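Thanks for making time this morning; I would like to walk you through one model, taking a strand pair, a helix and a pocket in turn. Please keep the structure open while I talk.

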Amino acid sequence: RTGEVVGTTFPPPPGPPPPKHDPAPLEVLRQMPEGEVRLARELTVVFNQPMIALTSQDQATTTTPVKLSPQPAGQWRWVDPRTVQFRPDGRFPQATKYTVEIPAGTKSVEGTPLHEAVSFTFETPSLRLEASYPSGFGTKVTSVPIVHLFDQAIDPALLMPNVTVTANEEVLSMRVLTEAELAEAAKSDRELARFLEGPNKAGHRSRLLALRPERDFPKQASITTRISPGARSAEGPGLTKSWITSGFRTLAPLRFLQDGCSGVCAPEDSYSLNFNNVLD
């Protein structure tokens, strides 16, 4: 297209230098989780400046300015140049206090240092009972096993020193059932089999504590399981701070209650006998 021709030099002469300014200090904008948390699936730290160059993820994971202690099995990754994340295999183990540190002198891509170290902690909860069998509703036969489902993996050898089972407040001698014994007991107890369906499908068999008395429970007794404070799971060193209790009642000896006519029956009435327990 025709137009006016303007003559000029190329490249153009250098202009005035850009004004000098001090870069903003490197800061940690956000971190999570922090404090007491119910469940921790990842650790995330966000900086106010890029910490890595845009490169492959394999190269980026070699630059991790964050120190995590204790560090479970897992992987560090950069979500973006300013956000680093640690994802454990599955989730962070429970009953553990974690310390996170970003040392002073940590530098961004621009070379700006972190003037003061940043540190924070987060803590996953100690052992908690999620469900138990038998429950406090109804009564059970005297040979029933006691099964507790916890929110984290347990080691029966670590837990049993804190476990006491009583029948009408009399301490009973208990033993831990093997997985084979528990599976055998579930074959003849449909309620127990239904209770175990959830842990079996979710792969939470390591969260189960199954007990049975050395001798059958007494009849018509209040059975109580108490786990004292200071109990430890198999996932971390954190100890429980309060009592964990559960209980149920065993069946009374078979007893006749009443007949179905209350003493006066019409010729067309049916007749029944009522007992205190289920009959075979």
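**A hairpin, a helix and a pocket**

Let me begin with strands β5, residues 74-80, and β6, residues 83-88, which pair in the antiparallel sense over six bridges. They form a hairpin, with two residues between them, and if you look along the pairing you will find glutamine 75 of β5 opposite arginine 87 in β6. I should say at this point that what we are looking at is a predicted model.

Now to helix α3, which spans residues 179-187 and in which Leu182, Ala185 and Ala186 are buried. These three cover an arc of only 100° around the axis, and therefore they lie on the same side of α3. That fits the general geometry, since an α-helix has 3.6 residues a turn, so residues three or four places apart point the same way. On the other side of α3, Ala180 and Lys187 are exposed. And what do the buried residues of α3 pack against? Their partners are β11 (146-150), α4 (190-202) and β15 (208-213).

Helix α4 comes up again in the largest pocket, whose volume is about 460 Å³. Of the 18 residues that line this pocket, Lys140, Val141, Ser188, Asp189 and Glu191 are the closest to its centre. Both β10 (139-140) and α4 supply at least two residues of the lining, with the largest share, three residues, coming from α4. Taken by class, the lining of the largest pocket consists of seven nonpolar, five polar and six charged residues.

Conventions:
Residues are numbered from 1 along each chain as its sequence is written. This is a predicted model: local features need pLDDT of at least 70, side-chain atom pairs count only at pLDDT 80 or more; totals for chains, interfaces and linings use all residues. Side-chain values use heavy atoms; hydrogens and water are left out. Buried means under 20% relative accessible area, exposed over 50%, partly exposed in between (1.4 Å probe, protein chains only). Helices (H or I, at least four residues) and strands (E, at least two) are DSSP runs, numbered from the N terminus. The arc is that of the directions from the helix axis to the C-beta atoms. Contact means heavy atoms within 4.5 Å. On a 1 Å grid over the protein atoms alone, a cavity is a set of points where a 1.4 Å probe fits but cannot get out, and a pocket is an open set with protein on both sides within 12 Å along at least five of seven lines; lining residues have an atom within 4 Å of a point. Grid points are joined across faces, edges and corners, and a volume is the space filled by probe spheres set on the points. Ala, Val, Leu, Ile, Met, Phe, Trp, Tyr, Cys and Pro count as nonpolar, Asp, Glu, Lys and Arg as charged, and the others, Gly among them, as polar. Two strands pair if DSSP finds at least two bridges between them.
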